[in-house]
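Colleague: Could you walk me through how to read a few features of this structure? I would like the general idea each time, and then the case at hand.

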Amino acid sequence: MSSQNLESPSEFLGYELGTQFSRHHQVVDYFKYVSDEMSTNVKLVQYGETNERRPLYVTYISSEDNIKNLEQIRNNNLKNAGVIEGDSTPSNIAIVWLSYNVHGNEASSSEASMKTLYALLTKKKDLLKNTVVIIDPCLNPDGRDRYVNWFNRTASTPYNSDQQASEHNEPWPGGRPNHYLFDLNRDWVWATQKETQARLKIYNKWLPQVHVDFHEQGINEHYYFAPAAEPFHEIITDWQRDFQTQIGKNNASYFDKAGWLFFTKEYFDLLYPSYGDTYPTYMGAIGMTFEQAGHGRAGLGVLNDENELLTLTDRIEHHYTTGISTIEVSSQNTEKLNSEFKKFFDNTSRLKYKSFVLQGNSDNIEALKSLLDKHDIHYGYNTSNGKISGYEYFKASNGSLNSTPNDLVVSTNQPKGNIVNVLFEPHTKLVDSLTYDITAWSLPYAYGLDAIASEKLIPSNSKPSAIITNSINPNSVAYMLNWNSLKDAEFLSYLLQQQVNIRFTEKPITTSGLQFNRGSLIITRSDNKTLQDFDTIVIKAANTFHRQLYPIKSGFSTSGPDLGSDNIKIIHNPKVAILTGPNVLSLNYGSLWHFFEAELHFPLTSLPSSNFSNINLNKYHTLLIPEGNYKDIFDKKNLEKLQTWVKSGGKVIAFGSALKIFSNKEEFDLKTTDYKKEEKKDSINFIPYADRTREGIKSKVLGAIYKIKVDNTHPLAFGYPSNYFTLKNDNYAFNLLGKNNFNIAYFGEDTKPISGFAGSDTYNALKNTLVFGEERLGEGNIIYFVDDIMFRGFWENGKLFLANAIFLDN
């Protein structure tokens, strides 16, 4: 078909673009139609599927010659980056990737993607001569349809522009997150979600030179585009800084001509690595965020606080304009884009650290390898002998580690060395402490691995992971397993659901010539007399989960408790529930929900918090209370109900702000700190208006990492050493619990972060305060998690605490 006969989005959909919200399948249908009709210029590829079975697509748009040679262009670009072997040929083709609708209720962008596609094949076809444009029309289809379906059944006809109208007040949890209520725009590096994992596979097959992530913000904001705000990560090149400014100036010329207001260089910095602008930047692209006023509040049209009517039609036009403008500037600078892209990957001379050497729990090593595989980052195993010196993470100072052949080595001497540096660096350099997100994320801390950052290149080689094979021992009285990692908890979860009875030890044991630590699992034959095929079930599960089981010959222990001791506790198969609903912070709820379903694979019942007074708590052993605002839920009557259930043997696990339910109440031991900053003559009352924001961060923690003390003799901390590295995102501070309760993880006197930013006023406020604790109440208990052990699903080393809380702390 000729482009002259190609139907526009409005003609195809049967309504003017901007007068309705299109469901995801309608967006996909238009892209399919265009690819079928214009196959010489368009190639549509499905790259994945969401949790709710909606397809994920990318579309390649270019000239007929470029589409014919698409694979050659792709390979040449990867050779240019050094990702695949071979010499690249000079290229005058730019690769521009446009990503739309990562937040589902920022819904104008998918509409704009259709208009952009149509324009590129009609009036803007000249831009395709030397550009390959890749469009992902919707990164978050589940979230988008959650929003669009709600709006379409709620909105008035014609739409109501009053901000108080129901169509401008989206119900919980909103369309922003995906199925598991994760923010996909903060998941690019951690890749915890199905959509991200699928996208990374195809993104890393291309590595575009320019990437735009289209968003929406509050209804009173004007359009935002590059250049970004400080701080920029120091790995970002001068060229990357300069070219995003060139794009911004071109955008500005179109906006000025149309009389549209905009702003740049504010709010959205380039530091935290897991955004849709920073991740591409650290992969060599010009990564940018574009933000249009709107969000879930805007609907088809709303009057903002300046009494200006903001319509969906306007929002589409703005996103369309910046998309075309970006392609235009890229088309004008193809040779420079390619040459500077190549220079970015020649990184060996500008990186301080050449190798990161990691050692520790083998399961945590494997989990880290799995993450690196998702980004096609190379690694190997140590072949050097003796000590390796450099910055030692656990000591937070220069030191050394005794090397072993099991040490994982990740070198920056590889094409993706820049992002390796970003993800592993002990300290991220901050040129400005006012940032949009967390300021520390170093992977050795997140995975609980000791490590050395070495300025030398440490030799390594590849080797296959060890294969664990267990076999039945009919003469054993039990099988035992050391308790060290989340993988052990997954194994336990599976066996409990197979009705296998399991115990754990509260004290170290030596038996059958083997040593077992606290928390080790004990699967006795006597506890499972009625279970048919006991050995087969246990051994098959151990081999499936790659767990090393040890057959035990006798219940008599060489040292430590015998298998019949009171110190060997039975693990009950708990019925676990979690509160959900408008009072709950959706991100924290989502991370817990995802943990149970996708990682632990253990049943979890979601209970509406608004119906708490009618819930029969006696059906459950454990209740999770995610972060949230429960002021309207836990009145005196409901708090007494919860307290009575706990006293009769129930267990509450409370997270972050949910601790306010219990703090400073006479019935509970949890109290907020009484630390008060001394008032000075230059107190807040005398600080100039322009300095108030910066002064305010003195009392805040911006996602910093701390080394805290751990009582690893308590079941909540089984499997951990005596220290833990916690990621703290707030300044919550609670006194240590009284003598009848347990302070399991806590701050001592040293409260300066080892990585990331924390204001100076937080140092004294955090001294001798609680991080994780247990309060006993009658026959039950309340577990307090002050810090977020599940933060965005990526803080791997915190997850065993939750597994301990569910299974071992009984």
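Modeller: Gladly! Let us begin with how strands are assigned: strands are DSSP runs of at least two residues, numbered from the N terminus, and two of them pair if DSSP finds at least two bridges between them. Keep in mind that we are looking at a predicted model.

Colleague: Fine. In which sense do S1 and S2 pair, and over how many bridges?

Modeller: S1 covers residues 42-49 and S2 covers residues 55-61; they pair in the antiparallel sense, over 7 bridges. To find one of these pairings on screen, start from Val 42, whose bridge partner in S2 is Ile 61.

Colleague: And what should I look for in the backbone of the hairpin?

Modeller: The general idea is that most residues other than glycine have a negative phi, and most peptide bonds are trans. In this hairpin, 5 residues lie between the strands, and Arg 53 takes a positive phi near 70°.

Colleague: Where is Asn 101, which has a positive phi although it is not a glycine?

Modeller: Asn 101 sits in the loop between strand S3 (94-100) and helix H5 (108-121), with a phi of about 65°. Its relative accessible area is 0%, so Asn 101 is buried. Asp 376 also has a positive phi, about 55°, and lies in the loop between helix H13 (362-374) and strand S14 (380-382). Asp 376 has 40% relative accessibility, so this residue counts as partly exposed.

Colleague: You mentioned peptide bonds. Which residues does a cis peptide bond join?

Modeller: One cis bond joins Ala 226 and Pro 227, with omega about 10°. Another joins Glu 230 and Pro 231, with omega about 5°. Pro 227 is in the loop between strand S6 (223-224) and strand S7 (229-232), whereas Pro 231 lies in S7 itself.

Colleague: Let us turn to helices. How do I read which way a helix faces?

Modeller: An α-helix has 3.6 residues a turn, so residues three or four places apart point the same way. Now try H17, residues 534-544: its buried residues are Phe 534, Asp 535, Val 538, Ile 539, Ala 541 and Ala 542. Looking down the axis of H17, these buried residues fall within an arc of 160°, so they line one face of the helix. Lys 540 and Thr 544, on the other side of H17, are exposed.

Colleague: What covers the buried residues of H17?

Modeller: The cover includes strand S20 (478-481), helix H16 (486-497) and strand S24 (521-524). After H17 comes His 546, which has a positive phi near 55°.

Colleague: How many residues of H7 are buried?

Modeller: H7 (residues 194-203) is mostly covered, with 7 of its 10 residues buried. The buried set includes charged-type names you may not expect to look for, so check the list: Glu 195, Thr 196, Ala 198, Arg 199, Leu 200, Ile 202 and Tyr 203.

Colleague: Now salt bridges. How many does a search of the whole structure find?

Modeller: The search finds 29. The cut-off is a side-chain nitrogen of Lys or Arg within 4 Å of a carboxyl oxygen of Asp or Glu. Lys 336 and Glu 340 make one such pair, at 3.1 Å from N to O. Both are in helix H12 (residues 334-344), 4 residues apart, which is about one turn of the helix. Lys 336, at 38% relative accessibility, counts as partly exposed, while Glu 340, at 14%, counts as buried.

Colleague: Which salt bridge links distant parts of the chain?

Modeller: Arg 547 and Asp 488 meet at 2.8 Å, N to O. They are 59 residues apart: Arg 547 is in the loop between H17 and strand S25 (550-552), and Asp 488 is in helix H16. Arg 547 is buried, with a relative accessible area of 6%, and Asp 488 is buried too, with 2%.

Colleague: Which residues are linked in a network of salt bridges?

Modeller: The network links Glu 106, Arg 176, Asp 183, Arg 186, Asp 437 and Arg 792.

Colleague: Last one: which residues form a nonpolar patch on the surface?

Modeller: Tyr 159, Leu 303 and Leu 309 form it, with about 220 Å² of accessible area together. Leu 309 belongs to strand S12 (residues 309-311) and, at 39% relative accessibility, counts as partly exposed.

Notes. Residues numbered from 1 in each chain as written. Predicted model: local features only at pLDDT ≥ 70, side-chain atom pairs only at ≥ 80, totals over all residues. Heavy atoms only, no water. Buried < 20%, exposed > 50% of the residue type's maximum accessible area, 1.4 Å probe, protein only. Arc of directions from axis to C-beta. Contact = heavy atoms within 4.5 Å. Patch = residues over 30% accessible without salt bridge, like charges linked within 9 Å, V, L, I, M, F, W, Y side chains within 5 Å. Areas by Shrake-Rupley, 256 points an atom, 1.4 Å probe, with all protein chains shown as cover.
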